[in-house]
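Trainee: Could you take a close look at the main pocket for me and work outwards from there? I'd like one connected walk through it rather than a list.

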Amino acid sequence: MSAPVIPFTPTTSPARRVGGACGSGCGGSAAPAIPAAVQDQIRAHPCYSEEAHGYFARMHVAVAPACNIQCHYCNRKYDCSNESRPGVVSERLTPDAAVAKVLAVAARMPQLSVVGIAGPGDALADPERTFDTLRRLRETAPDLILCLSTNGLALPDHAETLIALGVRHVTVTVNAVDPTIGAQIYPWIADQGRRLTGVEAARRLRDRQMEGIEALGQAGVLIKINSVMIPGINDEHLVEVNEWVRARGAFLHNVMPLISDPRHGTHFGLTGQRPPTAAELKTLQDRLSVDARIMRHCRQCRADAIGLLGDDCAEPAPPTVATPPVDDAARRHYRDVVDGLMDERRSARTAAEDRLHAMIPDDALLIAVCSRGGGRINQHFGHAKEFQIFEAGRDGIRFVGHRRIERYCNGDGDDDALETILAVLDGVGTVLCAKVGRCPSERLAEAGITVRDDFAFEYIETAIAGLVSERAASERTSARSA
Ligand code: CLF
Ligand code: SF4
């Protein structure tokens with residue numbers, strides 16, 4: 001099968017870029033010209049479309065416990081670190097249990113659009129369990145998008161099967177294309193019964209990854225590349241990784257920060273390898289986004305995550321409890337409603353950009369937003385578990401990432417959490433939220449950060465345009481009185 005490879009390179013002027021402004025493409029990079037059929041392929045996928053991630057949910061089924069390589073950032077007692085944040089999966093599922101669980105969640109959650117297999121090991125290390133699950137999901141819930149994440153070592157052997165099963169979204173984790181750098185990340189791989197180490201292992205892994213990416217790209221599968229940014233090892237090198245995967249038809253690049261908490265017992269955690277700072281990550285993503293489509297809204301999910309990205313929900317009732325029938329009509333209705341909401345948000349975004357185009361200062365502003373989704377400022381400061389970070393500058397308004405925080409309010413305000421929140425807000429001048437109490441507002445003001453709740457429930461871009469407009473008016477007034 002052969003299909004055109006989707007261009008990975010943005011083609012429109014960065015002067016019009018807004019997070020997800022392609023109508024569905026990923027946020028934070030210049031708006032790419034995506035063919036209509038591909039826009040359709042990503043419009044309900046929360047990872048492939050920044051715009052969709054406020055409306056659509058994904059769930060992972062943990063049917064793949066085995067792995068065929070070792071990464072220095074992974075401890076097998078925990079979730080796959082390349083597609084999840086560390087924390088043991090609550091249960092490993094058989095294909096039977098996985099299908100029952102998906103149907104139980106789908107029956108209760110019309111937002112569910114994607115089922116992914118992302119560990120806790122590698123989805124293709126023991127492929128029969130993965131394929132059995134995908135095959136049965138394709139038959140029982142055909143409107144759900146099937147997605148898979150892999151380290152790529154076994155990908156060339158299984159690309160045809162994935163295509164035949166209707167999998168059109170595959171993530172491959174590529175941390176290095178230079179084997180001397182790869183050898184610092186992967187101590188060994190197990191390839192068709194052979195155990196390889198060092199540079200030889202890293203070269204073989206790279207070659208297999210590239211072969212698999214090319215095969216899927218030629219078949220029209222949308223390939224996302226995940227890369228773990230490891231300061232001092234592959235941070236600079238990820239520019240070259242990006243060039244390699246782009247040349248082979250990858251659709252999207254997701255650069256994620258290393259997680260190296262020593263409590264997880266990983267090699268990097270125990271040897272003191274530090275993760276990148278938020279500023280280092282953003283700088284690299286900005287650099288890559290000049291030429292490529294970059295994902296910035298990844299939440300490094302658990303291998304059994306369920307829900308909206310950044311707003312995972314609790315486990316559903318066990319599927320053995322009588323499950324209501326899957327209601328495709330409810331999901332179709334929800335998608336129609338979301339289509340209308342997305343159109344409304346796009347209009348609001350365009351109006352906001354037009355309004356502030358002439359008055360944005362040369363220095364970009366970083367603004368933190370408390371949002372539960374839908375593109376609106378709709379969360380209390382004290383309830384937020386993350387900030388969405390937007391940048392307003394001459395290029396427009398861009399979503400540039402999220403920063404996790406400890407929830408400030410758990411009945412009472414937590415002063416310790418507030419101090420860590422202040423550190424997380426490094427570089428941010430304003431926080432927009434639906435409501436804020438006097439104590440946190442005053443503490444942030446002492447640190448030079450303004451918290452505003454008077455834009456509550458506005459679209460984010462509308463509020464930012466209002467903010468910038470106020471600021472411009474106040475600067476004009478000061479200039480006149482000077
Ligand atoms: Fe899961 Fe991955 Fe599919 Fe998404 S997650 S298999 S592409 S459905 Fe998404 Fe989670 Fe980031 Fe992965 S936010 S870790 S990128
Ligand atoms: Fe761990 Fe995933 Fe790497 Fe395997 S591919 S070692 S499960 S991070």
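Mentor: Sure. Keep in mind that this is a predicted model. The largest pocket has a volume of about 1100 Å³. It is lined by 38 residues, and the ones closest to its centre are Pro257, Gln300, His402, Arg403 and Arg404. If you want to know which elements give two or more residues to that lining, look at strand 9 (252-257), helix 9 (278-288), strand 15 (396-404) and helix 11 (415-424). By residue class, the lining of the largest pocket divides into 18 nonpolar, 9 polar and 11 charged.

There's a second largest pocket as well, at about 350 Å³. Asp311, Ser371, Arg372, Gly373 and Gln379 are the closest to its centre, out of 25 lining residues. Here the split is 4 nonpolar, 12 polar and 9 charged.

A handy residue for going from one pocket to the other is Glu386, which sits in strand 14 (residues 386-393). Its relative accessibility is 9%, and the cut-off for buried is under 20%, so Glu386 counts as buried. Leaving out residues up to four places away in sequence, Glu386 touches Arg299, Gly310, Val369, His402, Arg403, Arg404 and Ile405. Three of those names should ring a bell: His402, Arg403 and Arg404 are among the residues closest to the centre of the largest pocket. On the other side of the story, the C-alpha atoms of Glu386 and Asp311 are separated by 9.4 Å, though the two are 75 residues apart along the chain. Asp311, remember, is one of the residues closest to the centre of the second largest pocket.

Back to the lining elements, and to helix 9 in particular. Its buried residues are Leu281, Lys282, Leu284, Gln285 and Leu288. These cover an arc of only 165° around the axis, which puts them on the same side of helix 9. The general background is that an α-helix has 3.6 residues a turn, so residues three or four places apart point the same way.

Helix 9 also turns up in the surroundings of helix 7 (residues 238-247), whose buried residues are Leu238, Val239, Val241, Asn242 and Val245. Their arc around the axis is only 155°, so they lie on the same side of helix 7. The cover over them includes helix 6 (198-218), strand 8 (222-229), strand 9, helix 9 and strand 10 (294-295). So strand 9 and helix 9 each appear both in that cover and in the lining of the largest pocket. Just after helix 7, Gly249 takes a positive phi of about 100°.

Helix 6 leads us on to helix 4 (residues 155-164), where the buried residues are Leu155, His158, Ala159, Leu162 and Ile163. With an arc of only 150° around the axis, they are on the same side of helix 4. Glu160 and Ala164 are the exposed residues on the face turned away from that buried side. Helix 3, strand 4 (145-150), strand 5 (169-173) and helix 6 are included in what covers the buried residues. Just after helix 4 there's another glycine, Gly166, with a positive phi of about 85°.

Leu162 takes us into the largest nonpolar core. That core has 56 residues, and Val61, Leu134, Leu162 and Val174 touch the most other members. Helix 2 (residues 95-108) provides the largest share, 5 residues. Leu134 touches Ile117, Leu146, Leu148, Leu162, Leu165 and Val167, again not counting residues up to four places away in sequence. A second, separate core has 32 residues, including Cys47, Ile69, Ile230 and Leu309.

A few backbone spots are worth checking before you set anything up. Most residues other than glycine have a negative phi, and most peptide bonds are trans. Gly119 and Pro120, though, are joined by a cis peptide bond, with omega about 15°. Pro120 is in the loop between strand 3 (112-117) and helix 3 (127-140). Gln192, not a glycine, has a positive phi of about 50°. Gln192 is in the loop between strand 6 (188-191) and strand 7 (194-197), and at 57% relative accessibility it counts as exposed. Phe457 likewise has a positive phi, about 70°, in the loop between strand 17 (450-452) and helix 13 (460-481).

For the wider setting, the chain comes to 13 helices and 17 strands, and 57% of its 482 residues count as buried.

Methods:
Residues numbered from 1 in each chain as written. Chains lettered and ligands numbered in written order. Predicted model: local features only at pLDDT ≥ 70, side-chain atom pairs only at ≥ 80, totals over all residues. Heavy atoms only, no water. 1 Å grid on protein atoms, 1.4 Å probe; cavity = no way out; pocket = protein on both sides within 12 Å on 5 of 7 lines; lining within 4 Å. Points joined across faces, edges and corners; volume = space filled by probe spheres on them. Helix = DSSP H or I, 4+ residues; strand = E, 2+ residues; numbered from the N terminus. Nonpolar A, V, L, I, M, F, W, Y, C, P; charged D, E, K, R; others polar. Buried < 20%, exposed > 50% of the residue type's maximum accessible area, 1.4 Å probe, protein only. Arc of directions from axis to C-beta. Core = buried A, V, L, I, M, F, W, Y, C linked by side-chain atoms within 4.5 Å. Contact = heavy atoms within 4.5 Å.
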